[in-house]
Structure formats: structure tokens, C-alpha cells
Amino acid sequence: MGAKAGSVLGNLIGSAATSVTGQRPDSPLSTKALTTTILNHVRLGRLAKAVSILFSSAVPFPFSVYAHLFRICASNKAIVEARKLESHLVTFTPNPPVFLLNRAIESYGKCNCLEDARELFDEMPTRDGGSWNAMITAYSRNGRAEDALGLFSKMNAEGLFASEVTFASVLGSCGDVLELWLSRQVHGLVLKYGFVGNVILESSLVDVYGKCGMMSDARTMFDGIESPNDVSWNVIVRRYLEAGDGNEAVNVEEDEVVSSTLISMYAKCGDLESARRIFYLPCSKNLISYTCMVSAYALSGRMTEARELFDEMPERTVISWNVMLAGYTRFFEWDKALDFVILMRKRTKDIDHVTLGLILNMCAAIPDLELGKQVHGYAYRHGFYSNLFVGNALLDMYGKCGNLIRARIWFYEMSHLRDKVSWNALLTSYARHGLSEEAMVIFWKMLGETKPSKFTFGTLLAACANIFALALGKQIHAFMIRNGYDIDIVISGALVDMYSKCRCIVYAMKVFNKADSKDVILFNSMILGCSHNGMGGKAVELFETMEKEGIKPDHVTFQAVLRACISDGRVELGRQYFELISNRYCLMPQLEHYDSMIELYGQRFVNDHGPHQFREPCKHPRNLNDWCFPFYSEALEFVHNLDTIRFCRKQLLRYERTESLLCFLNGCVHKGAKSCCWLGADEKLFLYIFKMQRRQE
DNA sequence: CTAGGGTTAG
């Protein structure tokens, strides 16, 4: 039965689609099937095909089909299809509902075909508010401000209510033709119809007053907005700028408040030049604009300029001090931050919760537990301990300084006010110090009190990676997907890391490929993952992709590719990468890179000579090569200081090469004696050499 | 009226 019914349906669809006089045109079944076909075409982006099927079927379709198709026509600017649609609708539906005709007007408007829209509007047997709204919006969007405003007046005369969208359109048109008088009337209507608190309309009003040159009205309007959004800010800033450019005497310089607002807005948008321009206008310097400007410099990392300006301030508040300190901490200038705190203590008695938070961040970063404890005491004595921000900063400080006991105690002491940041901070402390299992226990407790955030999961995934808890890691991943958590670039990195550490490199790759944006850190995690899973070739490939995408590798990237070279025994490639570090990317090779090179050459020696074969050192060495085996002369190039020597020693001990070790150490002494005194301090090393020599004799 | 602060991944 099913198969037969299917073929009958197929015939029906075929005939209905090709002939206007199809069989049983009023059959609900055939309309339903046709609808499905039409919607399928729409879904595949074939709008013209969908409309032609509809057009050749002499049956009325459900309203929702027309509504849907009109929407698509509007967004695709498909005027031909829109006209066909309207004609089909009015032909086969005796009394088409007003709302569908309104949709048609909207579509014509979006297709910039105002004549079609107006024709339909005029011919409609009945019109509702939506028809007027659609027509007015169509005029307004197409730059026909006069027509839009004319129709709006008529609409009000007929006692119809304009919608939010219409008001926005009308206000836009008022701005286009600088209709201040009408704008004020519209303002009245906005209030009358209860649109108070509508950010979009209120911002539009700010805009239109600004355009009409009524900056004081714009300002009053703006101040009345309860929670201004980006658009509101953009509008007021743009209007003030225009006003300021056109007529300097009237604005900006007179209003200190505005100049401060502008400076801080520009600072937040990263436009330092504009901020400066406002600040250096005559009469705009005051305590607050100074602070804003210092903050603008500090936010963009220009700490020297920030400090110069800060030093020339005639007076300062605690906020001025704080913005300066925040700049130092934001850009990790801990020494300067510490000096600044000391200076601050000398110069002012003003310290508030923000200052304490910043100082605690500094203590956590240096790290300085003792100073942190002093801050704790200060906070206690001055009544800041019940401030959540200070409390969390304290918790973070104890955690980062490695004092988990105090972190835990403080966490319980602040139980009456703690939030999810507190939980995350505690969790992080445990995970960071390798206490991954304990971190998991804390997580389960956390669930009883608060909802986990993506920070929680980031931390947990790292903990899973540490203890190779693949099953739990997968559960967290699945939980995040199921509950719609954003798998952002950081979480992707944590997942890649967790999966590759758990030897689940295929999953790691999947996560990596799915990430919609990639930065150097994510690439690093993936490259490192490949290196650790014996996929050196893939790691090298990723490095090349990264270069192609214009992402600049950092020192971790090079560590990762060098590791790949080690795992694949690709000495020459490793050497090339090492040279890229300084030649192409202007980075300073770090200790770890030297270590990797030593390891790479060490491996080659083992490969070339077998584990237990080595040449006798020269009896009377004249140069470095005489001193050393092939490996050591090459590896020695990468010997930079005591740490690399220690690393070499470790490597040689690992391969149980006592004689080589002695020879190598001699080589180091030789090199050191010739060039610089970097060996000087390590008495232990010398003692070791002497001991070894004695044992040889 | 207008200015400042936090937790996450190699």
C-alpha cells in the first residue's frame, strides 16, 4: 500500500506541477505534497523553481507558505518572484488576509520597488496598522523621507497606532530631512504609546536631535536612557563629533562631562588619537579627563606616556592611582607595579577595594605570599574582607602562591558571600598544583552550590589532561555540547590538549578542525599533541599551515616543532627551525630550544654510532673538535649556560655514557675558559669533573 | 552626570 500510494502521489505532483488544470486540484493531499516539494526547493536555495511550481498550481496554498516565500523574496531581493507570489495569492485565495498583503508590501519595499508597494497599498480593500507600517518603512528605507513622513501624518490622522519599527523609520526620515518640529511630535507619540525604556527608539531620538543640531536635547535624551547600548553610544559620540567639528565654540570644550565621556569611549574603542584630540582641546583638562586620558594610555599599553601624564596631574584621586596601577598589572610590568604601590603608600592614604584587588593580582603574579598576607591583614582591619572582589583576589593570590591550605581556609571563611568565581579560583588552584583528583572532588561539591561556567570546564579539562582521565574528559565535552556551552578557542585548546595527552589524537584533530577561529595557542596545542603522539610529519605540516595563515609562531611553537623533529629524528629540519627562531621571527631562542637541539644531536650520535660505540678522546687536544665526539662539537654550539650543561649531563647519564660525559664536561670547561666565565660559579660541576677524572685514573 | 578591578588553555 505504502509504495503504491507513493507512486500515485508522485504522479499527482508531476501533473499538478506541469499543468494548471491538474487532477483534483482541491485535494488536501496534493497541496500538502506540493508544499513539501516547494519548501524543499526553497531550502536548497532554488527560490525561482519553488515559485514556478506554486505558480503553475491552480490551488490556494496555506498562508504560511506565502508568508515564508515572501520573506525569502525580501531577503533575496527577488522582485519577479514576489510579483508572481502576489498574483497567485490574489487569484486563488478569494479574500487574502491583510497580513499577507502587508508581507507583499514589505517585500516590494525590500526589493526597492516602491511603485509596486504603493499600488498594492492603494488597492487593498482593507488596511490595518501593519499595512501603514510596511509602506512607511518601505519609503523610509528607500530614502523617500517626505513620502514616509506624509504617510505617517495620514496614519495618525486616521487614528492608527504606529509600531516600534515604524517609529524608528520615521525618526530616521526626520533626521534625513532635518524635521525638528516633527521629531518633537514623534517624541511625544513615543512617550504616549508607552515606548519609554525602548533603547532603539530612544537612541533614534538622540540621533535625530543631534542631526538637527539640538545637542542639549540629544544629551538630555541620552542621559535618560537607562541602559545605553553600543548604538546609543555610537550615536551620541558621532553627533558630538559632528557638532564639535562644525562649531567648536558651542560644544565639547564647554562641557567637561562630555569630553571625559568621549575620551573614555575612544579609549575603549582603541582609538587613542581621537582621545588625545579631545583631551588637548582648550579647557578640556580636568581631574576626570586627565584620569580618562591616563587610563586610555594605560589600556593600550603605552605606560611611559601614561606615567608622564599621571606625573603632571595637578591633583589625583584614588581612581587616578588605580588606572595607573591597572596598566602596570595588565601588561605584566610587575617590578614597576610594585614600585608604584610603594609610592602610592607614601603619597596617599586613599586605598580602596580596587587598589587591594590590583595589589593582590600583583602578589599572585610575582609571587609574594608575605606581601599577600599583609594585604589580607589590611583588608581585614579596614573592613574590605566582605568585598567579593577583594575576597576572590585573595583566594586567587593564595592559590597562585601555592598556599592551598590558606586558600581553602579563606574559601570557607568567605562562604557567606562566595560566588562561582570563588569556586573557579579554588578549582584552578588545585588543578594548577597537580591535585587533579582533588579538583574533581571540588567540582562535584561546586555543583551543589552554583552552576559551572566555561572557566570551570577549562580548568577541569586541564586537570583531566594531567591525570589522563579520558572518560571524564569526554563526559565534560559531551556535557558542554548538550547544554549549549560555547566551545570557544580556549576550550578548544583545553580539549585538544586533553585528548592528545590521553592519546586520543583523532578526537584532538576533530576538535581542532572544528574550531572556527585559530590562534597561536590553539596551533601550539595541536602541534604539541602531534609531536607527543609520534606524528612529527603532521606537526610540521601544521606549522606550515600556520605560517600560511599568517599566524606568527612563538617560542612554544618552536619547542613543539623541535620536539616533532626529535621524535622523527630529523636533525637537519630541526636545525633549520632553530635558525628560523631568530632569523625569520626575531625571537630569542630560549633554554628549552637549546636543550632540544642538544637532544636532537645526541640522538643522531646514538643513531650513527650505536648505543655503545664511541671514539676515544684525543690525548693532546688542540681545539674543540679534538676534545669532543661529533655529537658534542655540534651540541656544544647550543651550550649556552649552566642549565644547558646540566641538561646535557642529564641526557648523557640517561644514555649511560660516562666517558662521553667526562669528555663533554671537559669540552665545556675548555669552551668556557676560552670565551667567558659562565662556568665560574658551579662548584658542584667542577667537583663532579674532578671526581670523574680521578675515577678514570 | 563623567574615570578604575576578577577566574580559563600550552
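**Exercise 1.** In this predicted model, find what a polar side-chain atom of Asp352 lies 2.4 Å from.

*Solution.* Start at the side chain of Asp352 and look towards DNA strand B: the partner is a base nitrogen of that strand. The cut-off for a polar contact is 3.5 Å between N or O atoms, so the 2.4 Å pair of Asp352 counts as one.

**Exercise 2.** Find which base atoms of DNA strand B pair with the side chains of Asn424 and Asp554.

*Solution.* Take Asn424 to begin with: an N or O atom of its side chain is 3.2 Å from a base oxygen of DNA strand B. Then take Asp554: a polar atom of its side chain lies 3.4 Å from a base nitrogen of the strand.

**Exercise 3.** Describe the protein surface around DNA strand B, and say which residues come nearest.

*Solution.* There are 36 residues around the strand, and Asn322, Phe389, Asn392, Asp497 and Asn524 come nearest. Sorted by type, the residues of this surface are 14 nonpolar, 14 polar and eight charged. Now turn to the strand: of its atoms within 4 Å of the protein, 32% are sugar or phosphate atoms, and the rest belong to bases.

**Exercise 4.** Describe the largest pocket by its volume and its lining.

*Solution.* The volume is about 1,200 Å³. The lining has 43 residues, and nearest the centre of the pocket lie Lys400, Thr428, Arg432, Phe455 and Thr459. Among the elements that give two or more residues to this lining are helix 23 (388–400), helix 25 (420–432) and helix 27 (454–467). By type, the lining residues are 22 nonpolar, twelve polar and nine charged.

Terms used:
Residues numbered from 1 in each chain as written. Chains lettered and ligands numbered in written order. Predicted model: local features only at pLDDT ≥ 70, side-chain atom pairs only at ≥ 80, totals over all residues. Heavy atoms only, no water. Near = heavy atom within 4 Å. Polar contact = N/O pair within 3.5 Å; in protein donor to acceptor, adjacent residues only side chain to side chain. Nonpolar A, V, L, I, M, F, W, Y, C, P; charged D, E, K, R; others polar. 1 Å grid on protein atoms, 1.4 Å probe; cavity = no way out; pocket = protein on both sides within 12 Å on 5 of 7 lines; lining within 4 Å. Points joined across faces, edges and corners; volume = space filled by probe spheres on them. Helix = DSSP H or I, 4+ residues; strand = E, 2+ residues; numbered from the N terminus.
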